[in-house]
Structures are given as structure tokens and as C-alpha cells.
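Here's a quick briefing to read alongside the coordinates. Have a look at the model first, then come back for the details.

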Protein chains: 2
Amino acid sequence: MENKREIFHVLTRRFGLLNKNCCSVGGFDISTVQSHILYEIDKQNTPSMQQIAETLAMDITTFSRQIQTLVKMELVKKTPSSQDKRVSLLSLTTQGKFVATSIDHSMNAYLDEVFSHLNEFERETVIRSLQLLNEAMSKSSVCCTPLY
Amino acid sequence: MENKREIFHVLTRRFGLLNKNCCSVGGFDISTVQSHILYEIDKQNTPSMQQIAETLAMDITTFSRQIQTLVKMELVKKTPSSQDKRVSLLSLTTQGKFVATSIDHSMNAYLDEVFSHLNEFERETVIRSLQLLNEAMSKSSVCCTPLY
DNA sequence: TTTATTTACTTGCAAATTGCAAGTATTGTT
DNA sequence: AACAATACTTGCAATTTGCAAGTAAATAAA
């Protein structure tokens with residue numbers, strides 16, 4: 001299979017599957033989108049709604065409602081900014097942090113299992129290549145603009 | 001970023017974006033899922049519903065309805081099998097074939113643009129690595145089982 | 001051959017997700 | 001002070017999803 005599209009088609013689907021079966025942690029049933037949101041909140045330093053929505057290239061209204069859900073689940077906390085009262089700053093609750101960490105662990109475990117089918121050299125090459133691909137996509141004008 | 005999860009998180013999101021902005025062809029507005037369905041029908045030889053649904057790891061009921069939509073759009077044709085009257089064989093209409101081909105072209109163009117940010121050596125390494133990754137995922141027990 | 005089981009789908013909800021339009025506060029700008 | 005811009009939030013309405021339950025045909029068992 002020399003065809004790039006073919007490779008990406010399969011890869012996309014597989015990533016979807018990987019992301020799907022990763023997100024049930026201690027009674028919580030987290031959707032893929034929600035796990036991405038938790039991940040980004042965890043990574044950034046008390047970000048605003050806008051920030052995360054833009055990073056994930058999500059519509060702000062959809063994002064707003066997802067956050068409402070996550071707040072109800074007591075995984076995310078919304079704090080009004082003292083600087084700018086329009087802004088809500090996002091952070092993980094203790095529970096949220098726990099869930100995010102758990103997902104991170106299981107995702108890494110999944111990935112380790114996947115990579116165990118490669119030898120050391122291949123593993124390193126693949127990782128390096130994915131980084132290169134990420135960089136290429138970030139430079140691309142046709143897609144993938146956010147997610148710096 | 002040595003963290004595998006980080007890499008996959010970003011890559012997953014970027015793939016999502018790439019897949020999203022690829023699918024408006026001549027008046028038709030194709031969703032990502034639908035483009036994947038068209039792709040697989042085109043690839044396989046008059047497959048059954050089950051076959052495609054399984055390949056794409058989709059719930060058969062969801063799939064059934066997606067096919068109904070695609071049939072209404074006159075992109076897909078459903079032919080009852082003469083061998084087994086329970087089975088519906090899927091094929092692309094002329095229009096469907098055209099749409100599938102157009103999407104394929106534009107996806108490849110997007111990918112070419114992305115890869116243009118790499119040099120020849122990197123390009124080949126990355127492609128080869130993605131193939132390796134696909135193989136590793138196909139061997140994995142934790143995910144990605146269909147999509148042989 | 002009749003009866004039961006499995007297979008290949010299709011429909012009935014009911015819930016979740018999405019995005020555009022329109023609205024509410026704030027904040028910044030003439 | 002008046003107007004525009006920003007950071008969200010709500011009102012739909014369409015789409016998508018999956019489990020349960022149903023139909024019809026094929027296969028296995030009695």
C-alpha cells in the first residue's frame with residue numbers, strides 16, 4: 001500500500017477505536033471528546049474556555065455544553081476570572097485530576113502494548129516519525145491549524 | 001515531548017480535522033463517517049452490510065441508517081443477494097463513485113501539502129513508520145481489531 | 001418435515017452531540 | 001456616553017448513536 005490515503009484511512013479508524021475503549025474510569029463514563037478536554041485542561045495552566053475550545057478546534061457552544069456536563073460530573077471547576085469577569089477559568093477537581101491521570105495511564109498502557117509489536121529500532125523510528133508528522137501538520141495551511 | 005499519549009492526542013485531533021474539511025463535493029455534504037463508508041465500499045468487491053460495518057467497527061444499526069441516507073443521496077446502491085436473500089450487497093452509483101474519487105483526490109492533495117513540509121528522506125521514513133504502526137495496531141489485542 | 005436457532009438486517013425509542021442564531025454581560029474604543 | 005467587540009450561554013432543530021425488539025430468510029436439530 002503506497003497510497004497515503006489508504007494509510008490514513010486505516011490509521012484514523014484505528015485511532016478512533018483506541019480513543020474509544022480507553023475512557024471508563026471508576027464509574028465515570030467519559031466520551032472521547034471529554035477525555036480530550038480533560039487532557040487539555042490538565043496540560044494548560046488554568047485556561048479560559050476560549051483557549052481550550054480553540055486548541056481542540058471545537059465550536060464554542062458545543063464546548064460550553066460539554067463543560068457544563070463535566071462540571072455536573074464534578075470533574076471540572078469553573079472559576080470566574082478576577083481580571084475579566086466575562087472569562088471563566090477552567091481547572092480539574094481532585095476527582096477530575098484522578099480521572100485524567102487514570103485515562104493517561106491506560107492510554108499509555110494501550111500504546112505500550114501496540115508498540116510491543118515493534119523492535120526497539122522501529123519503536124524509536126515510529127515515535128520520531130509521528131513527531132515529524134505532527135510538526136508537518138502544524139505547518140500545514142490546509143488543516144489542523146489549532147493544536148499548536 | 002517524549003510522552004506517547006501527548007503525541008497521539010495531538011495526532012488524533014489533527015486527523016479529525018483533516019478528515020473533516022475534506023468532504024464537500026459538488027453540492028454533496030459528506031460527513032467523515034460517510035466518507036469512510038464510501039471508501040470501503042469502493043475498495044471491497046460488492047460487500048455486504050455486515051462486512052463494511054465490521055471493517056469500520058461500526059454498530060450495525062447505526063450503519064444501516066447511514067446506508068439508508070447514502071441510498072437516498074443516490075451515492076450507494078443496495079442489491080439483494082441472489083445467494084442469500086437476507087443479505088444486501090453494496091455498491092457505489094456512478095455519482096457515488098465520482099464523490100468517492102473526488103474525496104480521495106482532495107485527501108491526497110491535503111496529505112501532499114502536509115508532506116511537502118518534510119524532505120524526501122523524512123517523507124519516506126514517515127510513510128514507512130505509519131505502515132509499521134498500522135501493522136502493530138493490527139496485531140494488538142487491546143484495540144483496533146477490525147480493519148484488517 | 002416440522003421446529004428451533006442463528007444470521008442479516010430494520011425499526012422504535014431515548015439520549016447525546018452538534019452548530020447556527022440570538023441573547024446576556026463585560027470590556028474596550030471612539 | 002454611545003457603540004463595537006469579546007466571552008460566554010441558551011434556544012432550537014438536525015444528526016448521530018446504541019440498545020431492545022422485531023422481521024425475514026437460512027441453517028441445524030428433532
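What follows covers the fold of one protein chain and then the contacts with each DNA strand.

Keep in mind that this is a predicted model. Chain A has six helices and four strands, and 23 residues surround DNA strand D, while 21 residues sit around DNA strand C.

**Chain A: fold and surface**

- Going along the sequence, the elements of chain A come in the order α-β-β-α-α-α-β-β-α-α.
- The C-alpha trace of chain A spans about 55 × 40 × 20 Å along its principal axes.
- Chain A has 148 residues, and 53% of them are buried.
- If you take the contacts in chain A with a separation of 6 or more, 50% come from residues 24 or more positions apart.
- About 7,400 Å² of chain A is accessible surface, with carbon and sulfur atoms holding 52% of that.
- On the charge side, chain A carries 16 positive and 16 negative side chains, and the centres of these two sets are 8 Å apart.

**Around DNA strand D**

- The closest residues to DNA strand D are A:S64, A:R65, A:K78, A:R86 and A:S88.
- Both chains help build the surface here: α3 (49-55) and α4 (60-72) of chain A, plus α2 (32-43) and α4 (60-72) of chain B, each give at least two residues.
- Sugar or phosphate accounts for 69% of the strand D atoms within 4 Å of the protein, and bases make up the rest.
- For base contacts, the side chain of A:R65 puts an N or O atom 2.7 Å from a base oxygen of strand D, and the side chain of B:R65 has one 2.9 Å from a base oxygen of that strand.
- For the backbone, a polar side-chain atom of A:Q68 is 3.3 Å from a phosphate oxygen of strand D.

**Around DNA strand C**

- Here the nearest residues are B:S64, B:R65, B:K78, B:R86 and B:S88.
- The helices that each bring at least two residues to the surface near strand C are α4 of chain A along with α3 (49-55) and α4 of chain B.
- Of the strand C atoms within 4 Å of the protein, 67% are sugar or phosphate and the rest are from bases.
- Two phosphate contacts come from chain B: a polar side-chain atom of B:S64 lies 2.7 Å from a phosphate oxygen of strand C, and an N or O atom in the side chain of B:K78 is 2.3 Å from a phosphate oxygen.
- Chain A reaches a base of strand C too, with an N or O atom in the side chain of A:R86 at 3.4 Å from a base oxygen.

Terms used. Residues are numbered from 1 along each chain as its sequence is written. Chains are lettered from A and ligands numbered from 1 in the order in which they are written. This is a predicted model: local features need pLDDT of at least 70, side-chain atom pairs count only at pLDDT 80 or more; totals for chains, interfaces and linings use all residues. Side-chain values use heavy atoms; hydrogens and water are left out. Buried means under 20% relative accessible area, exposed over 50%, partly exposed in between (1.4 Å probe, protein chains only). Contact means heavy atoms within 4.5 Å. Accessible areas come from the Shrake-Rupley method with a 1.4 Å probe; for residues, only the protein chains shown count as cover. Lys and Arg count as positive and Asp and Glu as negative; His and the chain ends are not counted. The place of a charge is taken as NZ of Lys, CZ of Arg, CG of Asp or CD of Glu. A residue is near a molecule or strand if one of its heavy atoms lies within 4 Å of it. A polar contact is a pair of N or O atoms within 3.5 Å; within protein, one must be able to donate a hydrogen and the other to accept it, and residues adjacent in sequence count only if both atoms are side-chain atoms.
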